[in-house]
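Trainee: Could we go through this model together? I would like to understand its side-chain contacts and one of its sheets.

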Amino acid sequence: MFKRLKKETSPPTEPIHLGLVAADATRCIQCGLCGYNCPVGIPVRDYARQGLTVDDPTCITCGNCIQVCPRGTLRWETKHDA
Amino acid sequence: MNYLIIGNGAAGITAAETIRQHDPRGQITILSAEPSLMYSRPGLAYVISGEIPPQQVIARTREWYADLRLELVYGRAQSLDVYNRLVMLADGRVLPYHKLLIATGARAVPAPYPGNDLDGVVYLDTLEGTKELLKKARRGQRGVVIGGGITALEMVEGLTQRGVNTHYFLRRDRLWSQVFNEAESRLLAEKMHHHGVHIHTNTEAAEILGNWRHNVRAVRLQNGKEFKCNLFGVAIGVKPQLELVKNTPIQTDRAILVNEQMQSNVPDVYAAGDCAQVYDRWSGQHLLDVLWPSAIAEGRTAALNMVGQTTPYVKGIPFNACLLFGLHITIIGQISPDPKAKDDFAEIQHLSRGSSEVWFTFPRHYQSAWAKSGPHTLRLALGGGNGNGREGHGRTIVGALIMGEQTLADPLRTLIENQVDASPLLPYLQSDRETLGREIKNLSLSVIRNP
């Protein structure tokens with residue numbers, strides 16, 4: 001009980017998501033919304049259109065690109081899957 | 001080898017990239033009628049809505065062209081001499097080729113009314129046209145949009161978000177009547193009302209009226225009434241660009257007819273993308289797709305054949321996922337709402353961007369299932385036979401339309417793409433969306449695990 005409470009209240013000490021952004025190239029329309037909304041300026045579209053996992057060391061795994069993609073191209077993939 | 005690609009869009013660029021992967025030495029020239037680097041045409045919707053600036057839709061850099069040693073030539077192809085293998089440009093230049101890919105795409109059909117040349121008649125079709133639209137779409141103005149299809153709906157959404165008082169004219173009483181059924185139309189209409197869109201059913205324009213400055217000032221309706229507006233958005237469909245192949249031996253129907261190697265009836269002349277009419281294995285006909293992923297797949301197959309790797313094009317199931325007024329919508333395969341709506345199909349003169357003629361074809365022994373749960377809907381179309389010729393033994397899902405929650409989109413795509421026997425689902429067709437959805441997921445998982 002105490003453990004659960006602590007987990008909910010303490011700030012994150014690890015990356016926001018344990019995973020990478022993966023893409024389904026057949027859904028990508030290359031509109032560029034993903035890269036435009038990336039706070040660290042990763043050209044996400046170049047990965048997405050080729051169906052590549054966004055394997056960029058600067059990715060902070062904030063998930064903005066997944067959130068804004070209008071076509072459902074991007075998703076989380078755990079490091080194990082990737 | 002000298003490759004010439006006419007068209008700097010999805011099909012042309014994918015073809016150029018694929019050719020370079022297989023032929024490091026060949027000369028590749030891309031002819032672009034529009035004065036820009038390759039951009040995402042579907043992305044223009046998000047430029048209108050203000051989610052991205054116009055330059056963001058440009059999907060390739062100048063360095064990318066240079067790295068792949070692609071020569072980009074700006075100019076419009078005017079005529080084609082297939083005997084001497086030459087393409088003549090409007091400005092008098094002549095480009096020779098050994099292998100030619102025609103990927104000229106499609107262009108918006110102009111408004112079929114007098115006054116369609118007035119200032120303020122706008123299209124969501126090209127990057128330049130979109131910039132023009134942005135200049136004219138000012139807050140507080142009154143705009144009218146006509147057309148079924150995704151592009152019209154995207155234009156309505158974009159203009160609304162820009163503060164334009166937007167009025168959407170429907171010829172009938174339903175949104176995109178060839179694709180949506182009544183409940184689906186109502187669901188989207190509710191969202192549109194919520195965003196402040198005024199939908200006018202059974203309303204059709206007859207003339208666009210201008211003022212002395214040649215600006216749009218009103219629309220005269222078919223009932224004779226005048227409706228004031230400053231902006232008239234047109235998205236009634238697109239037409240493949242075929243001017244270049246007129247007066248050549250290249251065979252066309254609604255677009256350039258290609259065989260399964262994406263080759264026209266003239267040797268070494270290929271076509272891909274919106275200007276190509278491709279064999280569809282589901283309906284057994286040559287059908288048009290005006291879809292981004294199809295253009296990419298066709299461009300890739302054409303390129304492989306152009307470099308001498310004989311590769312048949314296996315047309316995928318036409319698919320589109322879009323987000324309109326906050327509502328996610330996925331359309332897969334043969335999905336017209338009603339086989340009796342064949343009249344509607346006959347009435348479709350021009351296909352709208354983001355759609356496929358396959359959607360309006362019907363399988364044998366058509367049956368449909370429908371489930372709704374709050375703002376989430378699911379519609380399935382089932383056909384007879386299971387693809388192995390044993391008519392009546394088993395059923396396959398041939399189309400699906402999913403609105404709202406999208407977790408069923410990928411499982412359904414798997415089932416449709418693989419023509420999976422959907423008999424296990426039959427007992428659940430009348431169930432609620434949750435139960436039917438669970439069974440669909442289970443069936444698709446069993447396919448993925450035991451392909």
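Trainee: Over the ring of which residue does the charged end of B:Arg413 sit?

Mentor: Please keep in mind that this is a predicted model. The charged end of B:Arg413 sits over the ring of B:Phe319, with 3.8 Å to the ring centre. Another such contact involves B:Arg142, whose charged end lies over the ring of B:Phe227, 4.2 Å from its centre.

Trainee: Where does the helix with residues 409-417 of chain B pack?

Mentor: That helix, H9, packs on a sheet and touches E23, E24, E27 and E28 of chain B. Its direction makes about 155° with that of E28(B).

Trainee: What is the strand order in that open sheet of chain B?

Mentor: Five strands form the open sheet, in the order E23-E24-E28-E27-E26, and the pairing is antiparallel. E23 (319-324) and E26 (367-373) of chain B are the edge strands with a single partner each, so one side of each has no neighbour in the sheet. From one strand to the next, the twist averages 15°.

Trainee: And how many bridges pair E27 with E28 of chain B?

Mentor: Eight bridges pair E27 (residues 376-384) with E28 (residues 395-403) in the antiparallel sense. Within this pairing, B:Gly384 has B:Arg395 as its bridge partner. Helix H6 (residues 182-194) of chain B also packs on the sheet, and its direction makes about 20° with that of E28(B).

Trainee: What about E26(B) and E27(B), how many bridges join them?

Mentor: Seven bridges join these antiparallel strands. B:Ala371 stands opposite B:Leu378 in E27(B). The hairpin of the two strands has two residues between them, and B:Gly374 takes a positive phi near 60° there.

Trainee: Changing topic: how many disulfides are there over all chains?

Mentor: The count is zero over all chains, taking a cut-off of 2.5 Å between cysteine sulfur atoms. For A:Cys28, the closest cysteine sulfur is in A:Cys34 at 6.4 Å, which is too far for a bond.

Trainee: Is A:Cys28 buried or exposed?

Mentor: A:Cys28 counts as buried, because its relative accessibility is 7%. B:Cys229 is buried too, with a relative accessible area of 2%.

Trainee: And how many aromatic pairs does the structure hold?

Mentor: There are five over all chains. In one of them, B:Trp64 and B:Tyr65 have ring centres 5.4 Å apart and planes at 90°, so the pair is edge-to-face. Both residues are buried. B:Tyr113 and B:Phe232 are also edge-to-face, because their planes stand at 75°, with centres 6.3 Å apart. That pair links distant parts of the chain, 119 residues apart.

Definitions and conventions:
Residues numbered from 1 in each chain as written. Chains lettered and ligands numbered in written order. Predicted model: local features only at pLDDT ≥ 70, side-chain atom pairs only at ≥ 80, totals over all residues. Heavy atoms only, no water. Pairing = 2+ DSSP bridges. Helix = DSSP H or I, 4+ residues; strand = E, 2+ residues; numbered from the N terminus. Axes fitted to C-alpha atoms, helices over the stretch in contact; angles between N-to-C directions. Contact = heavy atoms within 4.5 Å. Buried < 20%, exposed > 50% of the residue type's maximum accessible area, 1.4 Å probe, protein only. Phe/Tyr/Trp six-rings, centres within 6.5 Å; stacked < 30°, edge-to-face > 60°. Lys NZ or Arg CZ within 6 Å of the ring centre and 35° of its normal.
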